[in-house]
Amino acid sequence: MHKTDLINEIANTTGSSKKDAAASLEATLQAISGSLNTGSSVTLIGFGTFKTIKTAARKGRNPQTGAEIQISASTRVKFTPGKALKDAVNS
């Protein structure tokens, strides 16, 4: 499912216009991104939790040449699904 498919599904489910559904989805994504940017986690009960984790710098290899490269430290986003989501997917 792509973003446009999700917008169409939201519009059909709520009976709103695609423009309103797109604005709602965009506002939700911006709120989640903003919260993660400040280091806070976002918990949607029953759906899951988004949080940031820091990864340390490490050495890696270029798969084409085999040359050793330095991979810099970074911050990643981790998603942990909630019980209701797990149950819905597994049933």
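**Exercise 1. Is phenylalanine 50 buried, partly exposed or exposed?**

Solution.
Step 1. Recall the cut-offs: buried is under 20% relative accessible area, exposed is over 50%, and partly exposed is in between (1.4 Å probe, protein chains only).
Step 2. Phenylalanine 50 has 19% relative accessibility, so phenylalanine 50 counts as buried.

A note on the numbers: this is a predicted model, where local features need pLDDT of at least 70, side-chain atom pairs count only at pLDDT 80 or more, and totals for chains, interfaces and linings use all residues. Residues are numbered from 1 along each chain as its sequence is written, and side-chain values use heavy atoms, with hydrogens and water left out.

**Exercise 2. Find the aromatic pairs and classify them.**

Solution.
Step 1. Apply the rule: rings of Phe, Tyr and Trp (its six-membered ring) pair if their centres lie within 6.5 Å; planes under 30 degrees apart count as stacked, over 60 as edge-to-face and the rest as tilted.
Step 2. The rule gives 2 aromatic pairs.
Step 3. Take phenylalanine 47 and phenylalanine 79. Their centres are 5.5 Å apart and their planes differ by 50 degrees, so this pair is tilted.
Step 4. Place both residues. Phenylalanine 47 sits in the loop between β1 (42-44) and β2 (48-55), while phenylalanine 79 is in strand β5 (residues 74-81), 32 residues apart. Strands here are DSSP runs (E, at least two residues), and helices are runs of H or I with at least four, numbered from the N terminus.
Step 5. Check exposure. Phenylalanine 47 has a relative accessible area of 38%, so it is partly exposed. Phenylalanine 79, at 33%, is also partly exposed.
Step 6. Now take phenylalanine 50 and phenylalanine 79. This pair is tilted too, with 4.8 Å centre to centre and 45 degrees between the planes.
Step 7. Phenylalanine 50 lies in β2 and phenylalanine 79 in β5, so the pair ties together parts 29 residues apart in sequence.
Step 8. Put the rings together: Phe47, Phe50 and Phe79 form one aromatic cluster.

**Exercise 3. How do β3 and β4 run, and how many bridges join them?**

Solution.
Step 1. Strands pair if DSSP finds at least two bridges between them.
Step 2. Strand β3 (residues 58-61) and strand β4 (residues 68-71) are joined by 4 bridges and run antiparallel.
Step 3. One residue to locate is arginine 61, whose bridge partner in β4 is glutamate 68.
Step 4. The two strands form a hairpin with 6 residues between them. In the turn, glycine 66 has a positive phi of about 80 degrees.
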